[in-house]
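Here's a quick tour for anyone who wants to know what to look at before setting anything up. Have the viewer open and follow along.

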Amino acid sequence: MKFVEVSNSFLKEIILEAENKNTHLEHLEDNIFNKGYQGAKESINYLYSLHEMLEGNSKTPVSMTTKWDGAPAIIAGKDPQTGKFFVGTKGVFAQSPKINFTEKDIEENHPAEGLQDKLKLALRTLSSLTWNTVAQGDMLFSKSDLKTTNIDGEECIVFKPNTIVYAVPTDSDLAKEISNAEIGIVWHTEYVGGPMLADTTAKFGFDSSVLGKSNKIWHRDALIKDFSGTVTRTQDESNVIMQSIKEADSYLKNIDSETFTWLEKGNDLIGKDFLQQLKAHVNNNIRAGAFDEPTKFAQGFVQKYIDFMQKKIDGYKTQAKQDEMTDKLVQGVKFIKEHVPGIVSVYDLYLKIIQSKVMIIKKLETIRQLPTFKETDKGYEVTGEEGFVAVDRIGNALKLVDRLEFSRLNFGTGIPGK
């Protein structure tokens, strides 16, 4: 199954927090937990398509964007209802929309002073672009965020919008463009349709050239325009990636689809807490800097669930409710222990999919948009970009992130992953 066949069923389901809005993207591997056996098949088919794309043999219209580490997320453009220019955060899609047409709107909708300043800057500057649509981007810098420092003997302009430090040599044309700008932003999503902003649909892979240019603004889109000659790989590297994907595929084919039924049964018996705690247990591994061995993971999930439920029980004031939840805890623990072999098998596949995904990410990281570093006590160390987003022909998207590496940047554990 090729990418385009997967997209209609798989990619449309990964935008979770607000229908058709780019508020949250799922990781490739988490589709196993979300959709069980079918989700695992789709993830592996997706890996095949990504490998095909890197090989330059893809006949399916897949595009790729760089995931920039900017903050805050800025949504701006022409309000479909009023035709007026506005700026905002993801709050523009809230049940009570926070859409800002004036600085007074910003002050009322966003009491945090730092965010106010950035939104006011965006309102003043971005209005000078040509707006016939609504777009979302990540703010990279304001003029006051730009610093000059020396990295490996070269003077650079640096800015750190969030976790990653971006650096540009001061004697470059790009540095001059950035220095002259009042704001820097990278666009990645367009919102199309109407008649109201709430009715629009997210379309990933936005080409920001339609916005025109302004001396006040350094802006670009996140699209990687061409893979030809930019992703370097040897035939051996290509073979290793393909072999890794095939191993995951073979492992899945040797698992009975019934092995995955514990995911559905867990949701039925335990409720939404089951899947939430399973994902939380994975994220605890990531924050710790390593993925557990599958058997250890399954055993650890039992204790994770007990701790979670005990905290809920302790929060209830009536004995009747405590007894009810205690009974639910006992049933849940019994269920999880009975299905440890299934958890082990599914999590083992989960790790195999991650292994293949990270190999692909490492090759994509050879495409540098800007030099990226992490700031340490000893200075600046080279690091990869935050990740990538694969975009299908109709604008749906899925993020590809080396979660262990990015966790190390955020939490500073320094513990090597497996």
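What follows goes through one helix, the nonpolar cores, a pocket and some backbone oddities.

## Helix α10

Keep in mind that this is a predicted model. Start with α10, which runs over residues 319-338. With 20 residues at 1.5 Å a residue, the helix should span 28 Å, and its end C-alpha atoms sit 29 Å apart, which agrees.

So which residues of α10 are buried? They are Met325, Leu329, Gly332, Val333, Phe335 and Ile336. Look down the axis of α10 and these buried residues fall within an arc of 160°, so they line one face of the helix. That fits a simple rule: an α-helix has 3.6 residues a turn, so residues three or four places apart point the same way. The cover over the buried residues of α10 includes α7 (261-270), α8 (272-288), α9 (294-315) and α11 (340-364).

Now flip to the face of α10 turned away from the buried side, where you'll find the exposed residues Gln319, Ala320, Val330, Lys334 and Lys337. Lysine 337 has a relative accessible area of 53%, so it counts as exposed, the cut-off being over 50%. Lysine 337 and alanine 298 are 39 residues apart in sequence, yet their C-alpha atoms are 8.6 Å apart in space.

## Two nonpolar cores

In soluble globular proteins, nonpolar side chains tend to be buried together. Here the largest nonpolar core has 53 residues, and the ones with the most contacts inside it are Ile32, Phe33, Phe260, Phe291, Leu349 and Tyr350. At least two residues of this core come from each of α2 (31-55), α6 (235-253), α7, α8, α9, α10 and α11. The most generous of these is α11, which gives 13 residues to the core.

Apart from that core lies another one, of 20 residues, with Phe85, Ala122, Ile185 and Leu211 among them.

Phenylalanine 260 is a handy residue to click on in the largest core. Which residues is phenylalanine 260 in contact with, leaving aside its neighbours within four places in sequence? The list is Ile32, Gly36, Tyr37, Ala40, Leu252, Ile255, Val346 and Leu349.

## The second largest pocket

Rolling a probe the size of a water molecule over the atoms shows where empty space is left. The second largest pocket comes out with a volume of about 460 Å³. It is lined by 18 residues, and the closest to its centre are Glu177, Lys213, Ile217, Trp218 and His219.

Both α5 (173-180) and β10 (217-221) supply at least two residues of this lining. The most comes from β10, with five residues.

## Backbone oddities

Most residues other than glycine have a negative phi, and most peptide bonds are trans. Where are the cis peptide bonds at proline 72 and proline 195? One runs from alanine 71 to proline 72, with omega near 0°, and proline 72 sits in the loop between β1 (63-67) and β2 (73-78). Another runs from glycine 194 to proline 195, with omega near 10°; proline 195 is in the loop between β8 (183-192) and β9 (201-204).

Then there's aspartate 152, which has a positive phi of about 55° although it is not a glycine. Aspartate 152 lies in the loop between β5 (147-151) and β6 (154-159). Is aspartate 152 buried or exposed? Its relative accessible area is 73%, so aspartate 152 is exposed.

Notes: Residues numbered from 1 in each chain as written. Predicted model: local features only at pLDDT ≥ 70, side-chain atom pairs only at ≥ 80, totals over all residues. Heavy atoms only, no water. Helix = DSSP H or I, 4+ residues; strand = E, 2+ residues; numbered from the N terminus. Expected span 1.5 Å × (residues − 1). Buried < 20%, exposed > 50% of the residue type's maximum accessible area, 1.4 Å probe, protein only. Arc of directions from axis to C-beta. Contact = heavy atoms within 4.5 Å. Core = buried A, V, L, I, M, F, W, Y, C linked by side-chain atoms within 4.5 Å. 1 Å grid on protein atoms, 1.4 Å probe; cavity = no way out; pocket = protein on both sides within 12 Å on 5 of 7 lines; lining within 4 Å. Points joined across faces, edges and corners; volume = space filled by probe spheres on them.
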